Protein chains: 2
Amino acid sequence: MIIAIDAMGGDNAPQEIVQGACEALSAFNNIEKMILVGDQAQLEKLVDLSLKDRIEIVHTAQVISMDEHPAQAYREKKEASITVASRLVKEGKADAVVSAGSTGAQLVAGLFEIGRIRGIKRPAIATPLPTLTGIKILTDAGANTEVTVKNLEQFALMGYTFAKILKGNKIDLQVALVNNGTEETKGTTLTQEAYTALRNNRKIPFYGNIEGNALLTTPVDVLVCDGFTGNVVLKTFEGSVKGIFTLLKNEMMSSLRYKLGAVLLKPCLKDIMKTYNPKTVGGSPLLGLNGVSIVCHGNSDHTAFFNGIKLAVECVEYHLVEEIKNSIVEE
Amino acid sequence: MIIAIDAMGGDNAPQEIVQGACEALSAFNNIEKMILVGDQAQLEKLVDLSLKDRIEIVHTAQVISMDEHPAQAYREKKEASITVASRLVKEGKADAVVSAGSTGAQLVAGLFEIGRIRGIKRPAIATPLPTLTGIKILTDAGANTEVTVKNLEQFALMGYTFAKILKGNKIDLQVALVNNGTEETKGTTLTQEAYTALRNNRKIPFYGNIEGNALLTTPVDVLVCDGFTGNVVLKTFEGSVKGIFTLLKNEMMSSLRYKLGAVLLKPCLKDIMKTYNPKTVGGSPLLGLNGVSIVCHGNSDHTAFFNGIKLAVECVEYHLVEEIKNSIVEE
């Protein structure tokens, strides 16, 4: 297995990216080689020398930054690190690409370099969300702001396929539609029609509608929605967690009694913050591309990026792309 | 000032509703009379005798329950408590109606009994959201799943008007559009066009777009969105808060050290839970109706319902309906 790394993408690139890549190379024996794409001079200095034989550097001077317009930047920078890394997957020189750079640029590079699976209308981001009842797959988490019923049906099928890989040992997986009420008659015209389509698709173990307040406690494994709603859910969740912990910290400093309580609870609070931090999960695959492309959070440190590579390894090992191809074959 | 109460609406009706109403009657001298609408025999037993002179009971045997289809129930139960209470506002016999019953039924009764303000296309629910940076008004919080640019513009104007009343002492109020990115070019066709409309409306102090992760920390006062997105934001927020506290409780019971820490921090945690519980704010007005109609949470206890009545008093005292009428006059 060969993994291509966009070594220049992300707030902490290339330092933390290369460190995460080297750690993954040490940890996973089934990674034959890692291809680091980026500025050769910078990358050479960061590579762990003991792993030199399993690392290849593909030099490029161009990078697409977070604030560039993805499609425009893609057209203008044909040799951007994310583009070159994605091209390696297309050419069969790598089995997966992992990046912490601009998600939009990664999506565009995925569409134009790797291409879509035949029959898939729109790729979707599938973000694993840590919750009280295990990890949920939220898809689409932001790639498509406007979607059709057919798109949602494909997101459901692809999300279900990904969930089966991520939760290998779990049987009875369930897929739900994010809506503003649990009843079949709730929602927009789109969600009402999607409800019917998901219920009638016998490949999808459809649970029904789910509301925002049940996202963290539901037994459901896959949460389907358009990318606008997915973005709102994900960011509201992140913001709520952050908001509560900020308030908690402020309050805990307000009296000696609370300070003492805080000291006693510190390890427990740290654990919870870590559990509920969507960033610690690592990465989100772009489902529907004809190759594995893993999106990591922009501010990934080496551990987060390591987890992103781990996810790429799992997706390659368990044939994510082939499984999605099989799942969408019309009978 | 006369307030009509739907005494039969809500999970804890009529007991907690009547108690909250009596407490409000004691607390607010500017309430001349409270009209309790519901089952006379039940209500008579619950009324605080010392307040008897300021309480009138209007008997009706019909109630619309939470799981009934609002429009259908409205047609079939012409004397439902929420309908009769709303009619009192229409007839000028009450200045406001407050209910913890079915929101859908209250909206339908509002539309057909009280009616809309001339020029307002669609009424919206405006929910006060407690955050680290004060209370934010989220509108529409669930009345309209599908909206136009014009609707969003009116929600912004009405939400801004309500915010001015609720935050009487605050200057420099700001209105933001909930979107999946901060840039002007982000979002759906609808949110992109709404961005332009809000920016060009010189009556609206427009801040720009806001993302889910900034909802609790932004200095903005009014958050505008369609009712589908508003419902998702509100419920994801509720679910996140609940999820974290559940995990916290479980963890705290897992060792003696943590148990001790929990005892020390108990008052502080209780405070935070109360602060972040959207239910404790009390009520949400239906903006755009030609009268004051306050929606309370279905599981309101007497304190929550008291707060809902307090909000009704403020809306009447500061002429919410007149102010909205003035705000939408085209120049």
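Aromatic pairs come to 6 over all chains, where a pair means Phe, Tyr or Trp rings (six-membered ring for Trp) with centres within 6.5 Å, called stacked with planes under 30 degrees apart, edge-to-face over 60 and tilted for the rest. This is a predicted model, with local features needing pLDDT of at least 70 and side-chain atom pairs pLDDT 80 or more, while totals for chains, interfaces and linings use all residues. Residues count from 1 along each chain as written, chains are lettered from A and ligands numbered from 1 in written order, and side-chain values use heavy atoms, leaving out hydrogens and water.

**Aromatic pairs**
- A:Tyr195 and A:Phe206 sit edge-to-face, 5.3 Å centre to centre with 80° between the planes.
- That pair ties helix H7 (residues 189-200) of chain A to strand S8 (residues 206-210) of chain A; helices (H or I, at least four residues) and strands (E, at least two) are DSSP runs numbered from the N terminus.
- A:Tyr195 and A:Phe206 are both buried, i.e. under 20% relative accessible area (exposed is over 50%, partly exposed in between; 1.4 Å probe, protein chains only).
- B:Tyr195 and B:Phe206 are also edge-to-face, at 5.3 Å and 80°, and both are buried.

**Charge over ring**
- A:Lys164 lies over the face of A:Tyr160, 4.4 Å from the ring centre; the cut-offs are NZ of Lys or CZ of Arg within 6 Å of the centre and within 35 degrees of the ring normal.
- B:Lys164 has its charged end over the B:Tyr160 ring, 4.4 Å from the centre.

**Strands in chain B**
- S5 (residues 124-131) and S6 (residues 134-139) of chain B run antiparallel, joined by 6 bridges; pairing takes at least two DSSP bridges.
- A hairpin of 2 residues connects S5(B) to S6(B).
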